[in-house]
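I am opening a notebook on a structure that is new to me, and I mean to write down what I look up, entry by entry. I begin with the overall make-up and then go inward.

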Amino acid sequence: MYRFLALLAFSWAVPLAAQNALPSLSAEDARALQESGELVLIDIRQPEEWRQTGMPEGSVGISMAHPEGGQGFLRDVLAAVDGDTDAAIAVICRTGNRTSQVVPALQQWGFTRIYHIPEGMLGSRFGAGWIPSGLPVEACDQC
């Protein structure tokens, strides 16, 4: 478990070239896979962000700034996929920066099909974003 905490701590500064090499999905592709039941979508933003914009419909909110730290984050991600580290997971944040930090840590922890959505909820140079693309959001009832 401490290894995971260290991975999160040391993966904050992901160079741009490395971000481009991460397994990624567009917001629209992630939504299609999620709707078909082929992917678990995890929103790693903070609860105040979930309250401001809502969350992608059907997503699981697990803040990377988990109140129990990296151990709590990992536990909740594992719970979201019933302990299956081979399950397809996509992580989303505001603009793709935080997901580019979390994906390598989860890969090193043994997750084999983890993707980030580089355009995020609001859009970035990688794409329009979940909300501007008109993809469904829902109010956060757990915030």
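**Entry 1, the elements.** I counted the secondary structure of the protein and found 6 helices and 6 strands, keeping in mind that this is a predicted model. Reading from the N terminus on, I noted the order of the elements as α-α-α-β-α-β-β-α-β-α-β-β.

**Entry 2, the whole chain.** I looked up how much of the protein is covered, and of its 143 residues 45% count as buried. The accessible surface comes to about 6,800 Å², and 51% of that surface belongs to carbon and sulfur atoms. I also checked the contacts between residues at least 6 apart in sequence, and 66% of these join residues at least 24 apart.

**Entry 3, the sheet.** I asked in which order the strands of the open sheet lie. The sheet has 4 strands, which run S3-S1-S4-S5 with parallel pairing. At the edges I found S3 (60-61) and S5 (114-116), each of which pairs on one side only. As a general reminder to myself, strands of a sheet pair through backbone hydrogen bonds, either parallel or antiparallel.

I then followed strand S4, residues 89-92, which pairs with strand S1, residues 40-43, in the parallel sense over 4 bridges. S4 also pairs with S5, again in the parallel sense, over 3 bridges. Val91 of S4 shows both pairings, since Ile42 stands opposite Val91, while the bridge partner of Val91 in S5 is His116. When I looked at the two faces of S4, I found both of them covered, with Ile89 and Val91 buried on one side and Ala90 and Ile92 buried on the other.

**Entry 4, the helix on the sheet.** I turned to helix H6 (residues 97-108), which packs on the sheet and touches S4 and S5, its direction making about 170° with that of S5. Together S4, H6 and S5 make a right-handed β-α-β unit. H6 is mostly covered, with 9 of its 12 residues buried, and I listed among them Thr99, Val102, Pro104 and Leu106. After the helix comes Gly110, whose phi is positive, near 115°.

**Entry 5, an arginine in H6.** Is Arg98 buried or exposed? Arg98 lies in helix H6, and it counts as buried because its relative accessibility is 18%, where the cut-off for buried is under 20%. Leaving out residues up to four places away in sequence, I found Arg98 touching Ile44, Arg45, Gln46, Glu49, Met64 and Cys93.

**Entry 6, the cores.** In soluble globular proteins, nonpolar side chains tend to be buried together, and I went looking for such groups here. Which residues of the largest nonpolar core touch the most other members? I found that they are Ile44, Phe73, Ile89 and Phe111, in a core of 18 residues. Helix H5 (69-80), S4 and H6 each supply at least two residues of this core. I then noted another core, lying apart from that one and made of 12 residues, including Ala30, Ala90, Trp130 and Leu135.

Last, I looked up the surroundings of Ile44, again not counting residues up to four places away in sequence, and its contacts include Ile62, Met64, Phe73, Val91 and Ile92. Arg98, Thr99 and Val102 are also among the residues that Ile44 touches, and I recall from the fifth entry that Arg98 lies in helix H6.

Methods: Residues are numbered from 1 along each chain as its sequence is written. This is a predicted model: local features need pLDDT of at least 70, side-chain atom pairs count only at pLDDT 80 or more; totals for chains, interfaces and linings use all residues. Side-chain values use heavy atoms; hydrogens and water are left out. Two strands pair if DSSP finds at least two bridges between them. Contact means heavy atoms within 4.5 Å. Axes are lines fitted to C-alpha atoms, for helices over the stretch in contact, and angles run from 0 to 180 degrees between N-to-C directions. A nonpolar core is a set of buried Ala, Val, Leu, Ile, Met, Phe, Trp, Tyr and Cys residues joined through side-chain atoms within 4.5 Å. Buried means under 20% relative accessible area, exposed over 50%, partly exposed in between (1.4 Å probe, protein chains only). A crossover is right-handed if, with the strands pointing away from the viewer, the path from the first strand over the helix to the second runs clockwise. Accessible areas come from the Shrake-Rupley method with a 1.4 Å probe; for residues, only the protein chains shown count as cover.
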